[in-house]
Amino acid sequence: MQQANALNRLDRLPVSRFHKVTLLAVAFAYFFEFADINSFATTAPKLIKLWGLTVDQVAYVTSLSFVGMFVGAIVAGSIADRWGRRRALLWTTLFFGLSSFAAVFSWDLVSLGVFRVLTSAGLSAMTVVGVVYVNEMYPSAIRGKYQAYAIAIGICGTPVTNLIASAVVPLNDWSWRLVYLWGSLGILLVLFAGRLKESPRWLESRGEHAAADAVLREIEADVAAEKGPLPEPAPPVVGTPSTKAPLRLLLRKKYLFPTLLLSVLWMTQTIGFFGYSSWAPTLLAKEGFSVEKSVFYVALTTVGAPLGCYLASLVTDRFERKWCLVGFGTVIAVCGLLYGLTFDPVLIIVFGFLVNLFERGYTALAYAYSPELFDTRARSLGTSVSYGLGRLSNAAGPLIVAALYTGQGYRAVFCFIAGTWMVGAVVLAVFGARTRAVRLAEAEGKRVGVPA
């Protein structure tokens, strides 16, 4: 049959129940990703007391977790390209949920470390697939906003988990395990399985036009039943089918530069964010705050995270994403530095709140920005490789933080984190591509610049 015209048929759909259910499903997966991603950070202060762990041992487990994230991100790209976005989203979420459940039964640091590496691989894989899935299922004019909405809902998993941890971790010598049990509930995404559609754009990119058309007809029928007759889509643009994107594809000029740029973006975001979030409870405890207070203070600061995603939703489709990222990154650097220069509980909470607010906004913007630099053929691969390299870079991050803390002290850690954020902001300002004109052209049914 003729080309299914997936992009233009999806672009002319009004927001409907289909979009909202898809948003809810992706946000559910994000919720338990963010719920689980800092589980070790919230339980580490307790394990230092129970198992006699050192800061260096905590650093090694955290570093290995990022190796797991790298592997998960790379594998996710292959899975999503070969078996589809929908199945990949379900499988990766199921994997990290079961791995977190296994961590409940950890008996020593080694076993917990193994389970955390597996969990981290699943978390990273799910994130890559979720980012690509939202990019391909929503109209060009609103995809950034809905990416931010999904993360705004999902990021609530961080403060909820931290508050749960602050309540249950101090109860007794085994209650820290409940934090990992909570994180495993992401497996309930299977309840949405029947409501999720495969990406027609992925099917079309493989030359499966009949399958793409069938999915589009289902979506269009649901939307038309709710919203009335649909406008005609813009004419299709002929593309070349591709069943697999080999890794060497990213060495081509049109893909190499965005891959390198996004690798820097995700490296600085990963080291900057996890350098703060993974270490804040432990370092506060090491500086004399009780385990209960350190976890509670950090839990309060993470309340800013959902607000940051909402802030991103207000600006992401209205302004150039590149400059939004530069602005957010600069604010994070300043607030992160001020956080590290004070031991006043109120100021710790205030600056920590601002770091979480703008960092989660930054991440929401980056999730929308990253896949836009690639066409459908390279989108999953390019996103997964750059995101994976970012996560892999932080295998060294915890070791650097531990060395700085041991050798130079608490404040040096936060100077390093602030510097990392500034490097990312400067690189984006100088080399970042603009994507707003392309999005506006797509919304008008035109095709210019970077293919979507």
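Tutor: Let's start with a term: buried means under 20% relative accessible area. Keep in mind that this is a predicted model.

Student: Okay, what share of the residues in the chain is buried?

Tutor: The chain has 452 residues. Going by that cut-off of under 20%, the buried share comes to 61%.

Student: And how many helices and strands are there?

Tutor: The count for strands is zero. The secondary structure is made up of helices, and they number 21.

Student: Take helix 2, then. What span should it have, and how far apart are its end C-alpha atoms?

Tutor: Helix 2 covers residues 17-37, so that's 21 residues at 1.5 Å a residue. The expected span is therefore 30 Å, and the model agrees, with the end C-alpha atoms apart by 30 Å.

Student: How many residues of helix 2 are buried?

Tutor: This helix is mostly covered. Out of its 21 residues, the buried ones number 17.

Student: Now valine 190: is it buried, partly exposed or exposed?

Tutor: Valine 190 sits in the loop between helix 9 (177-183) and helix 10 (200-205). Buried is under 20% and exposed is over 50%, with partly exposed in between. Its relative accessibility is 46%, so valine 190 counts as partly exposed.

Student: Which residues form the nonpolar patch on the surface with Val190, and what is their accessible area together?

Tutor: Joining Val190 in that patch are Leu94, Leu98, Leu185, Leu188 and Leu191. Taken together, the patch residues have an accessible area of about 520 Å².

Note on methods:
Residues are numbered from 1 along each chain as its sequence is written. This is a predicted model: local features need pLDDT of at least 70, side-chain atom pairs count only at pLDDT 80 or more; totals for chains, interfaces and linings use all residues. Side-chain values use heavy atoms; hydrogens and water are left out. Helices (H or I, at least four residues) and strands (E, at least two) are DSSP runs, numbered from the N terminus. Buried means under 20% relative accessible area, exposed over 50%, partly exposed in between (1.4 Å probe, protein chains only). Patches are made of residues with over 30% relative accessible area and no salt bridge: like charges are joined within 9 Å, nonpolar side chains (Val, Leu, Ile, Met, Phe, Trp, Tyr) within 5 Å. Accessible areas come from the Shrake-Rupley method with a 1.4 Å probe; for residues, only the protein chains shown count as cover. A salt bridge is a side-chain nitrogen of Lys or Arg within 4 Å of a carboxyl oxygen of Asp or Glu. The expected span of a helix is 1.5 Å times one less than its number of residues.
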